[in-house]
Amino acid sequence: MLRCTSCGRMYSFDSPYQRCECGEPLELELFNGMYKKKGKRVWERFSEFFPLELDPELSLGEGDTPLTRAKKLSKELGIELYLKNETINPTWSFKDRGTYLGIHRAIQLDFRRIGTVSTGNMAASVAAYGAHSELEVYILVSSTIPEEKIKALAPYGAKIVKVHGDYGELYYRALEIGQKKGIYFINSDDPFRVEGYKSISFEISEEITPDYVIVPTSSGGLFRGIVKGFLEAKNSGLIEKLPRFFVVQAEGCSPICKAFNAGKEKIERFENPHTIAHAIENPYPPSGNAVLRLLKKLNGICTTVTDEEILEAQKILGREGIFVQLASATGIAAVKKLRRKGIIKEGAIVVSILTGSGLKTLRYIKQPKVEECSLQRLEECIG
Ligand SMILES: *Cc1c(COP(=O)(O)O)cnc(C)c1O
Ligand SMILES: [Zn+2]
């Protein structure tokens, strides 16, 4: 059964329900069994935690990403800081974990056509998995999408439609049209996409029990998946306590933090959004209210960071050996801020989710200093 995250109304598993009549997103019920380790990949080790049987043939190798200790930053901040490196997924972002589950759902319901509404990472992910699974793929992009992001879709051969009009509304229109035309839209907070994201929490829980987990948040799908994953990890005896969850948003587009910090129960559309972290620039997130409910229930925190802080954090992460995109650097910018404010305690175990690779957005990177040298003088040049 699928349950409404707000009013609790239940929906049958046999139809492509994605949202409740009340307007809020649906989710699968919590898994309440015990954890029994078996198999190699996260999908095998946690197979009974997922609502359908997973087929390795549909996989492109997503998940089982490294959890790397940030040595310099840990020392500097007086905490144990771990980086969950999602940049190494098949299309270079965590979206692949959710797409893998979404593809299963589409096939289970006999859809031959899938789609998504995206400005970048999710589009590439759905296009790649659709190609791999021999499904027809429809990618709806906003009219402001930069050319380099459209080019990144070229290899997969999806049908790409640039839609002129309100981008927030496009999410809902796509679901409607999909129902009519038989296209399963694996959008940002599809219940099965959210299930896929749980795997991040399972992998972390197998290695450590964090005190804090920091999640860059746009639509809210990732945050919901991570929280649900930790709830299930605790229920199953894998960890003894839940971490405290932090949502981080870019200051220039922070509808969830704005509502949460004003004590509101509903988000409002964020007017004139503007940030360099485009992957998290959703002014009216479809799971915004669901994230508010989770933050309230679990004593979470919502924090914003400026474009300047994001750029600095991206550099710092590079010096730890990981090249992330700007949206993914927000977590580290937030850790620095929350540690400075004393909200993160000394010695705490902290995990920041590095959501996607920096190679996707090279145009934001400044040319580094390069020295010229002749072959004859090479020994001198090296110094
Ligand atoms: C999609 C995305 C996010 C935010 O995920 P949501 O599920 O939309 O909240 C964060 N960082 C990157 C790189 C993303 O692609
Ligand atoms: Zn409802």
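This report describes the surroundings of two ligands in a predicted model.

## The shell around ligand 1

Ligand 1 is surrounded by 17 residues, of which Lys95, Asn121, Ser219, Leu222 and Thr355 come nearest. Sorted by class, this shell consists of 10 polar residues, six nonpolar residues and one charged residue.

The shell draws on two domains, with at least three residues coming from domain 1 (67–92 + 191–364) and at least three from domain 2 (94–185). Among the secondary-structure elements, helix H8 (221–235) and helix H12 (326–340) each contribute at least two residues to the shell around ligand 1.

## Polar contacts and cover of ligand 1

Oxygen atoms of ligand 1 take part in several contacts with the protein. A polar side-chain atom of Lys95 lies 2.7 Å from one oxygen atom of the ligand, and an N or O atom in the side chain of Ser219 is 2.8 Å from an oxygen atom of ligand 1. At Gly220 it is a backbone N or O atom that lies 2.9 Å from an oxygen atom of ligand 1. Ligand 1 has 380 Å² of accessible area on its own, and the protein covers 97% of it.

## The zinc site

The zinc ion (ligand 2) has as its protein donors the SG atoms of Cys4, Cys7, Cys20 and Cys22, which lie 2.3 to 2.4 Å from the ion. Along the chain, these donors follow the spacing C-x2-C-x12-C-x1-C.

The arrangement around the zinc ion (ligand 2) is tetrahedral because the four donor atoms subtend angles of 103 to 124°, and angles between 85 and 135 degrees are what this assignment requires of four donors. For four tetrahedral donors at a metal, the ideal angle is 109.5 degrees.

Technical notes
Residues numbered from 1 in each chain as written. Chains lettered and ligands numbered in written order. Predicted model: local features only at pLDDT ≥ 70, side-chain atom pairs only at ≥ 80, totals over all residues. Heavy atoms only, no water. Near = heavy atom within 4 Å. Polar contact = N/O pair within 3.5 Å; in protein donor to acceptor, adjacent residues only side chain to side chain. Areas by Shrake-Rupley, 256 points an atom, 1.4 Å probe, with all protein chains shown as cover. Helix = DSSP H or I, 4+ residues; strand = E, 2+ residues; numbered from the N terminus. Nonpolar A, V, L, I, M, F, W, Y, C, P; charged D, E, K, R; others polar. Domains from an automatic or database assignment. Donors = N, O, S within 2.8 Å, 3.2 Å for Na, K, Ca; no water. Tetrahedral: all angles 85-135°; square planar, octahedral: opposite > 155°, others 65-115°.
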